[in-house]
Amino acid sequence: MTRPPRPIRRACLATALLLPVLPAAAGDEPAQPARSAPAFRGGGSFVETFTSLGDRRWYVSDGWVNGDHQRCTWSRQRVQIPATGALTLTLSDSPYKDRAFSCAEIQTKERYGYGTYEVRMRAGAASGLVSAFFTYNGAEDGDRRTNDEIDFEFLGKDTTGVQLNYFTGGTGQHETIEALGFDASTTMADYALEWLPDRLRWSVNGRLLREVRAAPDRPIPSHPGKIMLSIWMGQGADFVSWLGPASYPGRPITATFERVAFTKLGDPCAFKGSIVCR
C-alpha cells in the first residue's frame, strides 16, 4: 500500500518549527552533488545502550501531535527504561490532551549524516499501528530541498515484514515491503541502514534487504537528519488505507529498543556485532 504524503512534523523547539512537505517545483535547482553534500558533516559516532535517558542526546516528545492523522498524543509518560539496557515506547488508551490515546517518540537533538545507523529492537503489533526507526530532516529556513528522510517502518497489521522508504527534498513514494522471515513483534533483531553518498542499504541481522543506488533521475537524501524512534497509531481514510483500521487490543502496546548506534562514514566499528565490523 502506498504511504500517504508525510505530514507536518513539529520540531523540538518552537523556533525550529518545520514547514509542510511540498513537492518539487519546476525550476528548482538540482540536488547537490555527493562531494559537496551537507551529509558529509553532522554528528559523530555513538553507541546508546539506554542505561538512562538523559537530556544530553535525546529529546522526548510530549504534549503535541504531528497532525489530524495521528490518533494519539506524544507523552513522556509512555517513554520508560524499566530495566537497564532496554528502552520501551508504549501506546496506551490513557487519554492525553485531545486524543483518546497516548504514544511515544524520542529524537536526537543533533543531526547525523553519511554513515551506518543500527538498532536492536522489537516492534509493536496491532492494526493501525506504526513502530519506527528513521532519520528525518525537515525544510530548513523554508528550503524544501533539505526535507530528507530514510525509514524503517514496522506496520503493526503485519509484522512479518518491514516497510523501507526514503524521501528526498520532500518527495517520497519509494516504499517497498520486505519479508523478514520472522515476526518483528516477537523477535528482538538487529536492523541497519547504510547511508552512503551513492547508495542506501537496509539490512536485518546482517542480511541485505534492499539497496538503492543514486542516479541523475533518482537522487537520494543528502542532508543530515535527526534519529527518530517512535510508536503511534493513525486515523483518517488515507492512513487507514495504509496502516489498516485502528484496533486496540485492550492492553498497552510496546516497542522495545536495546541499542541505537551511529558510525560516521570512515570511522571504525564501535561494538561487537556491528555491520561495520564486516
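Mean pLDDT is 88 for this predicted model of the protein, and 86% of the residues reach 70 or more. One stretch falls well outside that group: residues 8–31 stay under 50 in pLDDT. For residues 8–31 the model has 39 contacts beyond four places in sequence.

**Strand 13 and its neighbours**

Strand 13 covers residues 199–204. Six of its six residues are buried. In a regular strand the side chains alternate between the two faces of the sheet. In strand 13, R199, R201 and S203 sit on one side and are buried. L200, W202 and V204 sit on the other side, also buried. Both faces are thus covered.

Strand 13 pairs with strand 12 and with strand 14, as tabulated here.

| Partner of strand 13 | Residues | Sense | Bridges | Residue pair |
|---|---|---|---|---|
| Strand 12 | 189–196 | antiparallel | six | Y191 with V204 |
| Strand 14 | 207–213 | antiparallel | six | L208 with S203 |

Strands 12 and 13 form a hairpin, with two residues between them. Strands 13 and 14 form a hairpin too, again with two residues between the strands. In the hairpin of strands 13 and 14, N205 takes a positive phi near 50°.

**D151**

Where does D151 lie? D151 belongs to strand 9, which spans residues 148–155. Why does D151 count as buried? Its relative accessibility is 0%, so D151 is classed as buried. D151 and L164 are 13 residues apart in sequence. Their C-alpha atoms are 5.5 Å apart in space.

Methods: Residues numbered from 1 in each chain as written. Predicted model: local features only at pLDDT ≥ 70, side-chain atom pairs only at ≥ 80, totals over all residues. Heavy atoms only, no water. pLDDT = per-residue confidence, 0-100. Contact = heavy atoms within 4.5 Å. Helix = DSSP H or I, 4+ residues; strand = E, 2+ residues; numbered from the N terminus. Buried < 20%, exposed > 50% of the residue type's maximum accessible area, 1.4 Å probe, protein only. Pairing = 2+ DSSP bridges.
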